[in-house]
Amino acid sequence: MTPRTLKAVNDQIQAEFQSAYIYLSMSARFEDMKMSGAANWMRIQWQEETAHAMKLFDHLIRRGQTPVLQALDAPAVSFDSAIDAFEQVLKHERHVTRLIHGLYEVAVEEKDYALQTLLHWFIDEQVEEEENAEAIIDSLRLAGASGQGLFLVDRELGLRAPEAEGEA
Ligand code: MG
């Protein structure tokens, strides 16, 4: 693995842990708002992002490299409504998609075929991440300002369970 590729993967590990940190902070905020379903959804999202970081971490280990963990920023999470929160999620995931695509470009330029294969999974995963956030935003729009609608969406978000090993 070239030094440029190694640095790019280490940067993505940082970005995935940073995502996890943001979602955990959003989970805490939803607990404050008494939306326990959305808090659950965010807590599972935190687990998933941690799993993404670990996929890259383990890839480096398997390639005989040493992952170097970087500092995380304190999450600057602020929202007063669920729709505002999930719009932030969508914006953040679009940002992560750009990062994954940038990493893939490095893997292509550096002719790192093993990393390219691993990143196909991440590229697919980002399509799913954006799709999920968009679907939740749609549900929240339908619910509008209705307390009952919001209650039902929150209940549905509460049903999200951790994905099985390998799917996260
Ligand atoms: Mg991720």
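**Rings and cores in a predicted helical model**

At 6% relative accessibility, Trp-41 counts as buried, because buried means under 20% relative accessible area, with exposed over 50% and partly exposed in between (1.4 Å probe, protein chains only). This is a predicted model, where local features need pLDDT of at least 70 and side-chain atom pairs count only at pLDDT 80 or more, while totals for chains, interfaces and linings use all residues. Residues are numbered from 1 along each chain as its sequence is written, and side-chain values use heavy atoms, leaving out hydrogens and water.

**Aromatic pairs**

- Rings of Phe, Tyr and Trp (its six-membered ring) pair if their centres lie within 6.5 Å; planes under 30 degrees apart are stacked, over 60 edge-to-face, and the rest tilted. That rule gives four aromatic pairs.
- One of them is Phe-30 with Phe-79, a tilted pair at 4.8 Å centre to centre and 45° between the planes. Phe-30 sits in helix α1 (residues 3-32) and Phe-79 in the loop between α2 (36-62) and α3 (82-109), so the pair ties together parts 49 residues apart in sequence. Helices here are DSSP runs (H or I, at least four residues), numbered from the N terminus.
- Phe-30 and Phe-79 are both buried.
- Trp-41 and Phe-86 have ring centres 5.1 Å apart and planes at 70°, so this pair is edge-to-face. It links helix α2 to helix α3, with the two residues 45 apart.
- Phe-86 is at 0% relative accessibility, so it counts as buried.
- Phe-30, Trp-41, Phe-79 and Phe-86 join up as one aromatic cluster.

**Charges over rings**

- The charged end of Arg-160 sits over the ring of Trp-41, 4.4 Å from its centre; the rule is CZ of Arg or NZ of Lys within 6 Å of the ring centre and within 35 degrees of the ring normal.
- Lys-55 lies over the face of Trp-121, 4.1 Å from the ring centre.

**Nonpolar cores**

- The largest nonpolar core (buried Ala, Val, Leu, Ile, Met, Phe, Trp, Tyr and Cys joined through side-chain atoms within 4.5 Å) has 22 residues, and those with the most contacts inside it include Phe-30, Trp-41 and Phe-86.
- α1, α2, α3, α4 (113-143) and α5 (147-157) each chip in at least two residues of this core.
- A second, separate core has 15 residues, among them Ala-8, Leu-56, Val-96 and Ile-100.

**Helix packing**

- α2 and α4 pack at about 170°, with axes 11 Å apart; axes are lines fitted to C-alpha atoms over the stretch in contact, and angles run from 0 to 180 degrees between N-to-C directions.
- That makes α2 roughly antiparallel to α4, a label for angles over 145 degrees.
- Contact (heavy atoms within 4.5 Å) involves residues including Trp-41, Lys-55 and Leu-56 of α2 and Trp-121 of α4.

Definitions and conventions. Angles under 35 degrees count as roughly parallel, over 145 as roughly antiparallel, 65 to 115 as roughly perpendicular and the rest as oblique.
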